[in-house]
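Grab your viewer and work through these exercises with me. Each one has a task, then a solution that goes step by step.

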Amino acid sequence: MDLHILALETSSSLCGVALLSAGEGRLHVRTLGHDATAEHAERLLPMVDQLLKEAGVERRQLSAIAFGQGPGGFTGLRVACGVAQGMAFALGLPVIPVPSLLAVAEQEPGGNAVCVVLQDARMNELYAAAYRQPTVDGVPTWQAVQEPVLLNVHDAHLWLEQLGWQLQAELGPAQVNIKLLGDALGVYPILSTLAVPAHGAAPARISWGQAQRATAEAVARIAQQAWQRGETVAPDQAAPLYVRDKVAYTVAERDQGLGGNPKAQAPVAIVRMRMEDLPVVANIEARVQAFPWTLGNFRDALEAGYGAWVARQGEQILGFSLVMFAPDIAHLLLIAVTPEAQRTGVGYMLLRHCEHETAKRDLPALMLEVRPTNEQAVSFYRNRGFMHTGTRKGYYPKGGNEREDGWVMEKTLKTAKAPA
């Protein structure tokens, strides 16, 4: 029996339908589309009927109904979802929801690159998501690196940099390749500078693709992969993907700072540590260290003028770093990340910021001490280019009267006077 998947996509001004037919070693996709706003509801079903007639396929021959679930325009998302549900209920078929941002990535796969889709959400906001396509059991399979979120366009730099550090933490020390897609790149000129990192060297190499908006054909092709994996839902379980809680804010509400999506996390920023941050910093230190610095130790370090920074996400502090700058070398005294934020790239961002600040001062290297028994920390530093250069005997307390050696690790840096 042939497979016939009908796909609907109306998340943007594009109103599209596609019919994917597969069987006996062949695959064919037929499409119809129209580009206009406020016409999706009246055009979608007639386009479905026309496409099925041209293909010689009756509704009862369909295997499943797929639809682009968003994020995107509220009205468009409801139209596609509603039509998909109605047809599926009437025909007794399963439904396949497909993220519309993934349908943008499907049109221009990144190969070894991670596809980052930035879609215009209006009001100086954008929808952002990241996908990669590793080969699983010999089949390229899409995986979400970052599920769709809503961002202020001015936060895109920080969000992308944080994503780069997260990917580097997960995939290894080699520079990550990122391909940017989506119509927001043509709407907001500020996004043309996304290859420039906010803090030091970029953790990822940025390239620009051509795909801009989701298409019904891309939805159909992703739906076929989902069908083969058995990833369908009953019609009553199908729903649009909303990442904005409110369609519009009044001028007064926006003047008060309202707008966007409270569920979407703000990007992480590396900022200078303040005295009022110390209770939170000391608490993080106490959570992750067996022999932590005290609040007084941190206060003395700030008063002594040590380099001190925190990783801040909105009002929340996720981690911190502390560096002593000597005349000939920089000494990383402390770096810590809350357990909840570990392995998300925050530690890489803090460490790279310390390296950047060291190079700015024309110091040739950054050194640190680490317990050799802390294999996770040793691996973290080695992956960032630090080498074991010496051992301090009995450097760390171990409990009771026992002591533990400390490894000295060091990384040579390109200084401000000799940039890479």
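Two strands pair if DSSP finds at least two bridges between them. Helices (H or I, at least four residues) and strands (E, at least two) are DSSP runs, numbered from the N terminus. This is a predicted model, where local features need pLDDT of at least 70, side-chain atom pairs count only at pLDDT 80 or more, and totals for chains, interfaces and linings use all residues. Residues are numbered from 1 along each chain as its sequence is written, and side-chain values use heavy atoms, with hydrogens and water left out.

**Exercise 1. Find the bridge partner of Val268 in S14, then follow S14 to its other neighbour.**

Step 1: Val268 has Gln313 as its bridge partner in S14. Five bridges hold S13 and S14 together, and the two run antiparallel.

Step 2: On to S15, which S14 meets through seven bridges, again antiparallel. Here Gly307 stands opposite Val323 of S15.

Step 3: Look at the turn. S14 and S15 make a hairpin with two residues between them, and Gly314 in that turn has a positive phi of about 65°.

**Exercise 2. Work out how many residues of S14 are buried, and on which faces.**

Step 1: Buried means under 20% relative accessible area, exposed over 50%, and partly exposed in between (1.4 Å probe, protein chains only).

Step 2: Seven of the seven residues in S14 are buried.

Step 3: Sort them by face. In a regular strand the side chains alternate between the two faces of the sheet. One side of S14 carries Gly307, Trp309, Ala311 and Gln313, the other Ala308, Val310 and Arg312, and both faces are covered.

**Exercise 3. Lay out the sheet in strand order and find its edges.**

Step 1: The order is S13-S14-S15-S16-S17-S19-S18, an open sheet of seven strands with mixed pairing.

Step 2: The edges are S13 (268-272) and S18 (387-399); each has a single partner strand, so one side of each is left without a neighbour in the sheet.

Step 3: Neighbouring strands here are turned by 25° against each other on average, direction ignored. Such angles run from 0 to 180 degrees between N-to-C directions, with axes as lines fitted to C-alpha atoms, for helices over the stretch in contact.

Step 4: S17 (residues 365-370) and S19 (residues 402-412) are antiparallel and share six bridges. In that pair, Leu366 sits opposite Lys411 of S19.

Step 5: Add the helices, taking contact as heavy atoms within 4.5 Å. H10 (residues 346-360) packs on the sheet, with S13, S14, S15, S16, S17 and S19 among the strands touched, and its direction makes about 160° with that of S16. H11 (residues 375-383) packs there too, touching S16, S17 and S19, at about 15° to the direction of S19.

**Exercise 4. Classify the packing of H8 against H9.**

Step 1: H8 (residues 278-288) and H9 (residues 295-303) pack at about 125°, their axes 9 Å apart.

Step 2: Angles under 35 degrees count as roughly parallel, over 145 as roughly antiparallel, 65 to 115 as roughly perpendicular and the rest as oblique. That makes H8 oblique to H9.

Step 3: H8 brings Leu278, Pro279, Val281, Ala282 and Glu285 to the contact, and H9 brings Leu295, Phe298, Arg299 and Leu302.

**Exercise 5. Is Leu62 buried or exposed, and what does it touch?**

Step 1: Leu62 lies in the loop between H1 and S4.

Step 2: With a relative accessible area of 3%, Leu62 is buried.

Step 3: Leaving aside neighbours within four places in sequence, the contacts of Leu62 include His4, Leu6, Leu19 and Leu52.
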